[in-house]
Amino acid sequence: MRRGTYSIVARDPETGELGAAVHSHWFAVGPIVPWVRSGVGAVCTQSVAEPAHGPGVLDRLQEGMGAPEALATVLATDEGAAVRQVGVVDAHGATAVHTGRRCIAFAGHETGAGFAAQANMMASPSVWGAMARAYEFAAGPLARRLLAALHAAEAVGGDVRGRQSAALVMAPASGAPWRRTVDVRVDDHPAPLVELGRLLDLSDAYELATQGDVLVGLGRHDEAGERYARAAEVAPGNDELLFWAGLAAAQAGDLPRALRLVRAAIATHAGWRDLLGRLEPDIAPGAAAVRDALRE
C-alpha cells in the first residue's frame, strides 16, 4: 500500500541527540516510519514502506558503516527499492536518502548539515525544501526544530490526501539502544501536528517531573520541588502536575499556593485527596501541612 508521507531525520550537533519526525494521511504512521537508536542513528522508511529497513539500516550503522553505505547495503537486496523512500542520519551527522523512481509525485528529498528531509505523494514539489529551510532556521531543542519542519511542510500543501497521523521520536547521544528522550505519536486526529505539539509539551513537562522524582529519591526535596513547579508551568491544568507542584510549594513554605494547586487537582479527580493521606514525609515533606490545612 502506498503511503503518502513526509518526514525528517536529524542529529543535533551540540547534544548528539538523534531524531525522526513524520506526518501522513495514513493511520498510525508512528510504528511504521521513524526509527532511532542511541548513539547510532535515525531512519525514516516510507512510500511503500518496508519497516525492516529501519532496524536494518541501524544495525549496519552500529556495525560501523556510514549512512550512505548502510542505506545502499539494505536497498541492494530489496526488490521493491523503486517504490521505497528512506532517509538516514548517522551518529556523526552524515546523511543518505533514497527516493525510488516509482514513488508517486510529487516526491523528492533534500539534505543539509546533519539532516535529511524526504516526501512523497505531496500536494506540492515545495514540501521537502520547505522542511529543510524551516529546520535550518528554527531555534530551540531538536524536537522543536523537527516539529517546525513538519509545520512548514503542511503550510505548502503537505500530503495531497490531507492529514491523519504523526510521530516524533528521539534518542540520546549515548546509552542503551532502547532509550528515548522523546516518543510521542498521534494515530488518528483531524489536526495531527497540533496534537503532536500538545503531546510534546506534556513530554517536556513529565520529563521535569521525572527529574523531580529522582531528586526525591536522593532526599533533595528543594530541588525536586523546583522541577515539579516548572513541570506544572509547562503543562498548566494537568492535575498530576498540579498536585506535586502544590506539595512542592508547601515544602517551600508557600502554603496558600500549595492549597490552591492541590485543591485544583482534587477538583479534577477526588483520588488525589486519598493519595495525600498516604504520603510519608520522606516522599513528600509538605504533605502533612497540606492535609492539616484541608481539614480546617
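These legends accompany close-up views of a predicted model.

**View 1. Glu17, a buried acidic residue without a salt bridge.**
Glu17 sits in the loop that runs between β1 (5–11) and β2 (18–24). Its nearest side chain of opposite charge is that of Arg145, 7.5 Å away. A salt bridge needs a side-chain nitrogen of Lys or Arg within 4 Å of a carboxyl oxygen of Asp or Glu, so the Arg145 pair does not qualify. Glu17 does make a polar contact: its side chain and that of Thr181 are joined at 3.3 Å. Not counting residues up to four places away in sequence, Glu17 touches Ala10, Arg11, Asp12 and Leu142, as well as Met170, Ala171, Pro172, Ala173 and Thr181.

**View 2. Leu18 in strand β2.**
Leu18 has 0% relative accessibility and therefore counts as buried. Ala42 lies 24 residues from Leu18 in sequence. In space, the C-alpha atoms of Leu18 and Ala42 are 6.0 Å apart.

**View 3. Cys44 and Cys103, two cysteines outside any disulfide.**
The disulfide count for the model is zero. For Cys44, the nearest cysteine sulfur belongs to Cys103, 14 Å away. For Cys103, the nearest is that of Cys44, again at 14 Å. A disulfide requires cysteine sulfur atoms within 2.5 Å, so this pair is excluded. Cys44 is buried, at 0% relative accessibility. Cys103 is buried as well, with a relative accessible area of 11%.

**View 4. The salt bridge between Arg133 and Glu110.**
The whole structure holds 15 salt bridges. In this one, the N to O distance between the side chains of Arg133 and Glu110 is 2.5 Å. The pair links distant parts of the chain, 23 residues apart. Arg133 belongs to helix α3 (residues 127–137), and Glu110 to strand β7 (residues 108–112). Arg133 is partly exposed, with a relative accessible area of 35%. Glu110 is partly exposed too, at 22% relative accessibility.

**View 5. Salt bridges of Glu154 with Arg163 and of Asp183 with Arg185.**
The closest N and O atoms of Glu154 and Arg163 are 2.5 Å apart. Glu154 counts as buried, at 17% relative accessibility, whereas Arg163 is partly exposed, with a relative accessible area of 41%. The side chains of Asp183 and Arg185 meet at 2.9 Å, N to O. Asp183 is partly exposed, with a relative accessible area of 37%. Arg185 is also partly exposed, at 33%. Elsewhere, salt bridges with shared partners join Glu110, Arg133 and Glu136 into one network.

**View 6. Helix α7 (residues 239–251), a mostly covered helix.**
The helix has 13 residues. From its first C-alpha to its last, α7 reaches 19 Å, close to the 18 Å expected at 1.5 Å a residue. Of its 13 residues, 10 are buried. They are Leu241, Leu242, Phe243, Trp244, Ala245, Gly246, Leu247, Ala248, Ala249 and Ala250. These buried residues pack against α5 (192–217), α6 (221–234), α8 (255–268), α9 (271–276) and α10 (287–295).

**View 7. The two ends of α7.**
At the start of the helix, Asn238 offers a side-chain oxygen. That oxygen reaches to within 3.1 Å of the backbone nitrogen of Glu240. Just after α7 comes Gly253, with a positive phi of about 95°.

**View 8. Ala264 in helix α8.**
Ala264 counts as partly exposed, at 31% relative accessibility. Val169 is 95 residues from Ala264 along the chain. The C-alpha atoms of Ala264 and Val169 are separated by 32 Å.

**View 9. Arg291, a buried basic residue in helix α10.**
Arg291 has no salt bridge. The nearest side chain of opposite charge is that of Asp292, at 5.7 Å. With the 4 Å limit for a salt bridge, Asp292 therefore does not count as a partner. Leaving aside neighbours within four places in sequence, Arg291 is in contact with Leu276, Gly277 and Leu279.

Key:
Residues numbered from 1 in each chain as written. Predicted model: local features only at pLDDT ≥ 70, side-chain atom pairs only at ≥ 80, totals over all residues. Heavy atoms only, no water. Helix = DSSP H or I, 4+ residues; strand = E, 2+ residues; numbered from the N terminus. Buried < 20%, exposed > 50% of the residue type's maximum accessible area, 1.4 Å probe, protein only. Lys, Arg positive; Asp, Glu negative; His and termini not counted. Polar contact = N/O pair within 3.5 Å; in protein donor to acceptor, adjacent residues only side chain to side chain. Contact = heavy atoms within 4.5 Å. Expected span 1.5 Å × (residues − 1).
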